[in-house]
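Work through the exercises below with the model open. Try each task before you read its solution.

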Amino acid sequence: MNIKYQLKVIFFLQFFIWGSWLITLGSYMMRKLDFTGIEVGSVYGTMGIASLFMPSLLGIVADRWIPANRLYVLCHLIGAITLFIAASVTSPFLMMIVILIHCLAFMPTIAISNSISYSCLESQGLDVITQFPCIRIFGTIGFIVAMWLVSFLQLELSSMQLYIAAASSLLLSLYSLSLPLIPTAKNTTEEKSIISSLGLDAFVLFKQPRMAIFFLFAVLLGGILQITNTFGNPFLHDFEKFPEYANSLVVKYPSVLLSISQISEVVFILFVPFFMKRLGIKYVMLISMFAWVARFGLFAYGDPSPVGFVLLLLSMIVYGCAFDFYNISGSMYVEKSVSPTIRNSAQGLFMTMTNGLGAYLGSVISGFVVDHYTTTSGIDWQTVWLVFASYALVLAIVFMLIFKNENPNSQSTTTIN
């Protein structure tokens, strides 16, 4: 079988699993299981906990003891079992534990899938830089298709979304057995490699004021990334309480509307190199922060009415800029700012700060905010979104004042060892 076709299927299913529940589980927990905002935030926060150490840890296992594709099979088998169990859980504490176990198995597979692709493409003599983007895009397609499927089947408030994800995870586990074996590495400098893999040697970057500030804001901005993943869908579902909106497309198919955010990502990623070269990391990240202000502000005043729907649509479009101009540009900035000897560790540190610590704090704290503005009559979503918008605005102002930009016209920045 053509290896590129196999990898496209792998990425499609990898993110189809995630898209089946990531955006909609919050609505199911709040509307059907009566979880509080803090409880929902704690469940979503397990992704951040898992991202703190599991990708690096299983990366070492794949390098030294278990071939990456076999480890990938095992992780998705565990993922299938935990998602199947989660579908019948009704306790907030048990849901948090089960989803934590799932995330401990699933989150490392994102990095492992990349490694498998690089290895398979190189073994076939194919150029990774040329071929990989065309393969990786099928992951985004899979995420969107899953969102549409769950939404059009009216399963956003049903545990069936978890059963779909579990079945997809089992299918991916079995399909991954068809991949060629990826041998483990034989490395005599094991101690040094383990330290590098864990990202410990990258902590030297905190000695540089500009990099220390950058990583601090990586945590603060990382918290923003999970907010709409956690509460965007419940917000749109709540318009059902208004008789004039109960049968609107926004209420019936909120995930379809939210999927425009992922489509927007695909478009805005093309603009990142252009703006990085001309403006530098400071102003690209400022654009991202102001885009987050717009994302939340448009949510605050959006609704299913004709004018309000336009605001919601604009919020989805703005998301692509908010996400890519921070996440992608931040990774590129780290890549060109550090010495090759700590490049992998630095990237690991960036992901730990963003998807680990930042995502966990964002999920939990946003849950507190939602609960604070919840009364017997419901959630004051407009105030909630304005609080988040204000947070993003304050971050932008502080970042603008304290972070010094590199010269965007220079071909490279000073590397940090």
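Four exercises on this predicted model follow.

**Exercise 1. Overall make-up**

Find how many helices and strands the protein chain has, and what percentage of its residues count as buried.

*Solution.*
- Start with secondary structure: the chain has 17 helices and two strands.
- Next, burial. The chain has 417 residues, and 54% of them count as buried.
- Then look at contacts between residues at least 6 apart in sequence. Of these, 83% join residues at least 24 apart.

**Exercise 2. Helix 17**

Compare the span of helix 17 with its expected value, then find where its buried residues sit around the axis.

*Solution.*
- Helix 17 covers residues 381-402, 22 residues in total.
- From first C-alpha to last it reaches 32 Å, close to the 32 Å expected at 1.5 Å a residue.
- List its buried residues: Trp-381, Val-384, Trp-385, Phe-388, Ala-389, Ala-392, Leu-395, Ala-396 and Phe-399.
- These cover an arc of only 135° around the axis, so they lie on the same side of helix 17.
- The spacing rule helps here. An α-helix has 3.6 residues a turn, so residues three or four places apart point the same way.

**Exercise 3. Helix 10 and the largest cavity**

Determine how many residues of helix 10 are buried, then work out what lines the largest cavity.

*Solution.*
- Helix 10 spans residues 227-237. Eleven of its eleven residues are buried, so helix 10 is largely enclosed by the rest of the structure.
- Among those buried residues are Thr-228, Asn-229, Phe-231 and His-237.
- Now count cavities of 30 Å³ or more: the structure holds one.
- The largest cavity has a volume of about 50 Å³.
- Its lining consists of Ile-23, Thr-228, Asn-229, Leu-258, Ser-261, Gln-262, Arg-295 and Tyr-319.
- Helix 10 and helix 12 (254-268) are the elements that give two or more residues to this lining. Helix 12 gives the most, with three.
- By class, the lining has three nonpolar, four polar and one charged residues.

**Exercise 4. The second largest pocket**

Describe the volume and the lining of the second largest pocket.

*Solution.*
- The volume is about 280 Å³.
- The lining has 16 residues. Nearest the centre lie Phe-239, Phe-242, Ile-379, Trp-381 and Gln-382.
- Two or more lining residues come from each of helix 14 (281-301), strand 2 (378-379) and helix 17.
- Helix 14 supplies the largest share, three residues.
- Sort the lining by class: eight nonpolar, four polar and four charged.
- Link back to Exercise 2: Trp-381 is one of the buried residues of helix 17, and Trp-381 is also among the residues nearest the centre of this pocket.

Note on methods. Residues are numbered from 1 along each chain as its sequence is written. This is a predicted model: local features need pLDDT of at least 70, side-chain atom pairs count only at pLDDT 80 or more; totals for chains, interfaces and linings use all residues. Side-chain values use heavy atoms; hydrogens and water are left out. Helices (H or I, at least four residues) and strands (E, at least two) are DSSP runs, numbered from the N terminus. The expected span of a helix is 1.5 Å times one less than its number of residues. Buried means under 20% relative accessible area, exposed over 50%, partly exposed in between (1.4 Å probe, protein chains only). The arc is that of the directions from the helix axis to the C-beta atoms. On a 1 Å grid over the protein atoms alone, a cavity is a set of points where a 1.4 Å probe fits but cannot get out, and a pocket is an open set with protein on both sides within 12 Å along at least five of seven lines; lining residues have an atom within 4 Å of a point. Grid points are joined across faces, edges and corners, and a volume is the space filled by probe spheres set on the points. Ala, Val, Leu, Ile, Met, Phe, Trp, Tyr, Cys and Pro count as nonpolar, Asp, Glu, Lys and Arg as charged, and the others, Gly among them, as polar. Contact means heavy atoms within 4.5 Å.
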